[in-house]
Amino acid sequence: MRPSSDARRLARHALALATMATFAACAKIEAPPGGPPDTAPPRLIGTYPESLVALPGFDGEVEFRFDEVVSEGSAPGNANGTGDLQRLILLSPTTRAADVSWKRARIAVRPGEGWQPNRTYRIELLPGVMDLRNNRATSARKVITFTTGGPLPADTLRGKVIDWTTGQPVPRALVEAVLQPDSLPYRIGADSAGNFIGAPLPAGTYLVFGSVDQNSNGRREPREAYDSLAATGNGPALTLWTFPHDTTPPRLQQATVRDSVTVELQFSQPLSPSQRIDTGLVTVRHLPDSAAVPLASLATQRVYDSLRQAVRPDSLSPAAPPPGRPPAVSPASDSTPGRPTLSDRLILVLAAPMDTAGQYLVLVDSIRNVTGISGSTRGVFAAPRPVERPSRPDSLGVDSLPRDSVRPDSVRADSVPE
């Protein structure tokens, strides 16, 4: 016998009530929507322990405490120190990555090898902590300093880190102050303008390194540009000029013809600013007969530009040099106040225009890089090809003289075997 329509209606109603009751039991009570969005970054409200205290036998965790739950990030901590939270912590002195753990509204830190007795510890929280809405704290930083025995630190190291190649400050540079003779490294984070202050630090003599932390792991690595200076606490401000410390000599990467007498030589690394740059470093031979080609000058780009500008004649001057003659370039200063300029390029000027049908071999001897490693290298370049241009009669009906018009060409230096 089929159930009546009323029975079926009552059964559906009962099922709907049961379903609603189930959802009600599992529902989460939340604040009504419609309020203003939270755009404030997490705010640091306290630390444990307090800074500048002596804690012999300390065996706990250092904590940074916030006013809300912070983001754990997507990359966990690891031995390389590249976890999201690990990148925000500089723990010193240690040569290992810090153990950094997320505890909702707290970030807890301890050294991988444990706290050692009779040491001064420095834990710096860098800007970048985010909340669960991705609001990032971009300016605040905090340093906790305490000892596990011994006197409290009182010295300060301060200074600036500059990229020697560009002459610009290195934002967020990594600074390591290595206490001598114990070789204990204290790591300090520079700000967005390359400035750093390490305080307080134990009294003593330091070897201070400033480096470009390309992978943001808080470690100075062999391929990263750096500079170092010896310093003592509470001394004058330091200026660290970072540069790559190559262990191989410079190699000629490319020779580019600019015009009928000018060739740009580009090397694989910056050259030593203390090396005398003149034509004695270079030999050019015309191929295939290998006849020597007379040279007018060799200079860095900066010197070449400044001297060419200085001797550039006015268009109406009767002293203008004849067409095709290269500008005379003599040795000149290639430096900025306080530091010579780094360059990986030299400008070679020939004494006469090239043979438009020829190729040339350039030999560079005993060229030295910034770290003092020197070697010889070679490359080839082709003469510029003339560009055909129709004559244009001037206002008097006389054809103008043909111009020295060429098309720059370049040949990669590594196309010729050493």
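These legends go with several close-up views of a predicted model.

**View 1. Four strands line up in the open sheet β19-β18-β24-β25.**
Read across this sheet and you meet β19, β18, β24 and β25 in that order, with antiparallel pairing. The two edge strands are β19 (291-292) and β25 (374-382). Each of them has a single partner strand, so one side of each is left without a neighbour in the sheet. Now look at β24 (residues 359-368) beside β25: this antiparallel pair is joined over eight bridges. To find your way between the two strands, look for R368, which sits opposite S374 in β25.

**View 2. A second open sheet runs in the order β1-β3-β6-β5.**
Here, too, there are four strands, and their pairing is antiparallel. At the edges stand β1 (44-48) and β5 (99-103). Both have just a single partner strand, so one side of each lacks a neighbour in the sheet. Ignoring direction, neighbouring strands of this sheet are turned by 15° against each other on average. Five bridges hold the antiparallel pairing of β5 with β6 (residues 106-110). One place to spot it is K103, whose bridge partner in β6 is R106.

**View 3. R122 and E124 meet in a salt bridge.**
The whole structure has 15 salt bridges, and this view shows the one between R122 and E124. Their closest N and O atoms are 2.9 Å apart. Are these two residues buried or exposed? R122 has 2% relative accessibility, so it counts as buried. E124 also comes out at 2%, so E124 counts as buried as well.

**View 4. R220 and E176 connect distant parts of the chain.**
This salt bridge brings the closest N and O atoms of R220 and E176 to 2.8 Å apart. The partners are 44 residues apart: R220 is in the loop between β13 (205-211) and β14 (226-232), while E176 belongs to strand β10 (residues 174-180). R220 is partly exposed, with a relative accessible area of 30%. E176 has 10% relative accessibility, so it counts as buried.

**View 5. D246 and R223 link two loops.**
The side chains of D246 and R223 form a salt bridge, at 3.8 Å from N to O. You'll find D246 in the loop between β15 (238-242) and β16 (252-257), and R223 in the loop between β13 and β14, with 23 residues separating the pair. How accessible is each partner? D246 is at 13% relative accessibility and counts as buried, whereas R223 is at 67% and counts as exposed.

**View 6. Salt bridges join four residues into a network.**
Look for R258, E264, D344 and R345 in this close-up. Rather than showing an isolated pair, the view shows these residues linked through a network of salt bridges.

**View 7. D213 is buried but has no salt bridge.**
D213 is located in the loop between β13 and β14. Which side chain of opposite charge is nearest to D213? That is R87, which is 6.9 Å away. A salt bridge needs a side-chain nitrogen of Lys or Arg within 4 Å of a carboxyl oxygen of Asp or Glu, so R87 does not form one with D213. What does D213 touch, then? Setting aside neighbours within four places in sequence, D213 is in contact with L174, G218, R219 and E224.

Note on methods. Residues are numbered from 1 along each chain as its sequence is written. This is a predicted model: local features need pLDDT of at least 70, side-chain atom pairs count only at pLDDT 80 or more; totals for chains, interfaces and linings use all residues. Side-chain values use heavy atoms; hydrogens and water are left out. Two strands pair if DSSP finds at least two bridges between them. Buried means under 20% relative accessible area, exposed over 50%, partly exposed in between (1.4 Å probe, protein chains only). Lys and Arg count as positive and Asp and Glu as negative; His and the chain ends are not counted. Contact means heavy atoms within 4.5 Å. Axes are lines fitted to C-alpha atoms, for helices over the stretch in contact, and angles run from 0 to 180 degrees between N-to-C directions.
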